[in-house]
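Notebook open, structure loaded. I'll go through a few residues, then the core, the ligand shell and the sheet.

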Amino acid sequence: MFSIKILDSSQELRSKKVQELISDVHACSLNGEAIEIGRLSFKMLMNLLSNTFFSMDLVESVGEIDEYKDMVVNLAKAIATPNLGDVFPLLKIFDLHGIRWTSKTYIPMLFGIFNGHIEKRLKLREEENYIAKSKKDVLEELLNISQENGHKMDKEKIKHLFLDLIIAGIDTSSYVVERAMTELLHNPDIMLKAKMELEQTNGIGNPVEESQIENLPYLEAIIKETLRKYPPAPFLLPRKAKETVEIHGYIIPKGAQVIINEWAIGRNPKIWDDPNLFLPERFLGSNIDYVKGHDCNFTPFGGGRRICPGMKLATRMLHLMLGSMVNSFNWRLENDIKPEDMDLDQELRAIAVRVN
Ligand code: HEM
C-alpha cells in the first residue's frame, strides 16, 4: 500500500489554501455579510483534500458546495448509522435506514468525478516529457505504484481509496471547526485568550503557519476540548472480539461486535470535571493526548491498527484554519445575538471584521 505520509506533506499548498480562506472571509466582511461557518470550512477542506489528491480545487465557490456537501454528508451519515440489519440479518432486505439507497445514489456520482481525474491524468502521463512537469500528489503516487505492480493498486482501488479519504476526512474536520468557533463565540473570554496567544506568537491579523503550531498551546487545548465535547466520530469504528474476554467483570463473547461510545466517555463526570462546560484549560499542562490512541479516556481519532490515518493532517488543518480565523478577524453573532443567548445546537452564522 502507498504511504499515507503523502497526506501530511504539501505544507505550501495548505498555506495557500488558508490564505484563500482568509480572502473568502474578508470578502464577506467587506459587505457585512453573515458567514455560515460550516459551509465555509467544508469548502476549504474539500479543496484542501482535492488539491492533495489531484492538485486541483473541486469546489470553485461557496455557492457550488451544496452538491458536494449532500454527497459527502449523506454518505458519512450512512456509514455512521447503526444498522439493525447487521444485528438481525433478515431485516437487511428492507434497507430500513436508507443506507443502501444513499450508497447507490451518491457513490456512483463521486466515482464519476474520480474517474474523470484518473483518466485525464493517465492521458497526461502518456505525453512526452511528462516526468518534467509531473504532479506531486496522491494520484500520481498511486498511479506510479499501479504502473510498478498492477495487483497492488489499480484504477478500481484508487477510486475506492479516494472515496474513503473524502468521506472520512471532510465532514469530520469541518464539524470540528464549526463547533470550536461556536464555543469561542459563546465564551468571549476564551476567544480573547486565544487571540492574545496568537497575537503574541504570530502578530496581529496574520494567518497561522505550520511552523508556529507548537508555540500555540492554548489553541491546541481549544482543539482538544472541542474533540472531547464534540467527537465527530462518536462511536469510532466497530470492533469484533477475536476471543472471549472478561473486562471489569463483563464477559465479551468471541465474535461480539463492540462499539465504543467516545461521546459518552467525553461527557462522563467520573472522568472529566464539569464535562458539559467548555474548559480548554483542563488540557493545559496535562499529558492527555490522542496521538497514540493509548489514553482510553480520550480517543477522538480511535486507536490501535484502525487509528485514523488522517489524524496528523487533520490536526494541522484544524490549527491553521481555526488559528487564522481567530487571529485575522473579530467575530460577532448575526442579528447581534448575545453570546449567552446563543443556541449551541444551531448551525453557526457569524459576522467577521478584519483586524488589520
Ligand atoms: C477532526 C478530524 C478527524 C477525526 C476526529 C477523525 C476520527 C476518526 C476515527 C475515530 C476513526 C476510526 C478509528 C478507530 O475506530 O480506531 C477514523 C478513521 C478514518 N479516518 Fe479519520 N478523522 C478525522 C479526519 C480525517 C482525515 C482528514 C482523513 C483523511 C484525509 C481521515 C481518514 C480516515 C480513514 C481513511 C479512516 C478509516 C481507517 C480504517 O478503515 O482503518 N480522517 N477517523
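**Entry 1: His186**

I started with histidine 186, which sits in helix α7. Worth keeping in mind for everything below: this is a predicted model.

Is histidine 186 buried, exposed or in between? I counted 19 C-beta neighbours inside 10 Å, and buried takes 20 or more, so histidine 186 goes down as partly exposed. Leaving out residues up to four places away in sequence, I found histidine 186 touching Pro339, Met342 and Leu344. I also checked a long-range pair: histidine 186 and asparagine 287 are 101 residues apart along the chain, and their C-alpha atoms are separated by 27 Å.

**Entry 2: Ile222**

Next I looked up isoleucine 222 and found it in helix α9, residues 217-229. Isoleucine 222 has 28 C-beta neighbours inside 10 Å, so I noted this residue as buried. What does isoleucine 222 contact, leaving aside neighbours within four places in sequence? My list reads Ala180, Ile190, Ala194 and Pro280. I took one distance here too: from isoleucine 222 to leucine 40 it is 20 Å, C-alpha to C-alpha, with their positions 182 residues apart in sequence.

**Entry 3: the nonpolar core**

Which members of the largest nonpolar core touch the most other members? The core has 66 residues, and the answer is Met321 and Leu322. Helix α7, residues 155-186, gives the most to this core, with 13 residues. That is the helix where I found histidine 186.

I followed up on leucine 322. Not counting residues up to four places away in sequence, leucine 322 touches Val177, Ala180, Leu219 and Ile223. Ala180 had already turned up among the contacts of isoleucine 222. As background, nonpolar side chains tend to be buried together in soluble globular proteins.

**Entry 4: the ligand shell**

How many residues surround the ligand? I get 24, and the closest are Ala168, Gly169, Gly302, Cys308 and Gly310. The elements that give two or more residues to this shell are α7 and α11, residues 311-328. Of the elements, α7 gives the most, with seven residues. So much for who is there; by type, I sorted the shell into 16 nonpolar, six polar and two charged residues.

**Entry 5: the sheet**

I then turned to an open sheet of three strands, in the order β1-β7-β6, with antiparallel pairing. Why do β1 (34-36) and β6 (329-333) each have a side without a neighbour in the sheet? Both stand at the edges with a single partner strand, so one side of each is left free of a neighbour there. On average, neighbouring strands are turned by 45° against each other, direction ignored.

I went through the pairings one by one. β6 is joined to strand β7 (residues 349-354) by five bridges, and the two run antiparallel. Within that pair, asparagine 330 has valine 353 in β7 as its bridge partner. Two helices pack on this sheet, so to speak for the record, I logged both. Helix α1 (residues 11-30) touches β1, β6 and β7, and its direction makes about 90° with that of β7. Helix α2 (residues 37-54) touches β1 and β7, with its direction at about 55° to that of β1.

For the other pairing, β1 and β7 share three bridges, again in the antiparallel sense. There, glutamate 36 stands opposite arginine 349 in β7.

**Entry 6: positive phi**

Last, I pulled up two residues other than glycine that have a positive phi.

- Serine 55 has phi near 60°. I found serine 55 in the loop between α2 and α3 (65-80). With 17 C-beta neighbours inside 10 Å, serine 55 counts as partly exposed.
- Leucine 236 has phi near 50°. Leucine 236 lies in the loop between α9 and β2 (239-240). With 22 C-beta neighbours inside 10 Å, leucine 236 counts as buried.

Technical notes
Residues are numbered from 1 along each chain as its sequence is written. This is a predicted model: local features need pLDDT of at least 70, side-chain atom pairs count only at pLDDT 80 or more; totals for chains, interfaces and linings use all residues. A nonpolar core is a set of buried Ala, Val, Leu, Ile, Met, Phe, Trp, Tyr and Cys residues joined through C-beta atoms within 7 Å. A residue is buried if 20 or more other C-beta atoms lie within 10 Å of its own, exposed if 12 or fewer, and partly exposed in between; C-beta atoms are placed from the backbone. Helices (H or I, at least four residues) and strands (E, at least two) are DSSP runs, numbered from the N terminus. Two residues are in contact if their C-beta atoms, placed from the backbone, lie within 7 Å. A residue is near a molecule or strand if its C-beta atom, placed from the backbone, lies within 6 Å of it. Ala, Val, Leu, Ile, Met, Phe, Trp, Tyr, Cys and Pro count as nonpolar, Asp, Glu, Lys and Arg as charged, and the others, Gly among them, as polar. Two strands pair if DSSP finds at least two bridges between them. Axes are lines fitted to C-alpha atoms, for helices over the stretch in contact, and angles run from 0 to 180 degrees between N-to-C directions.
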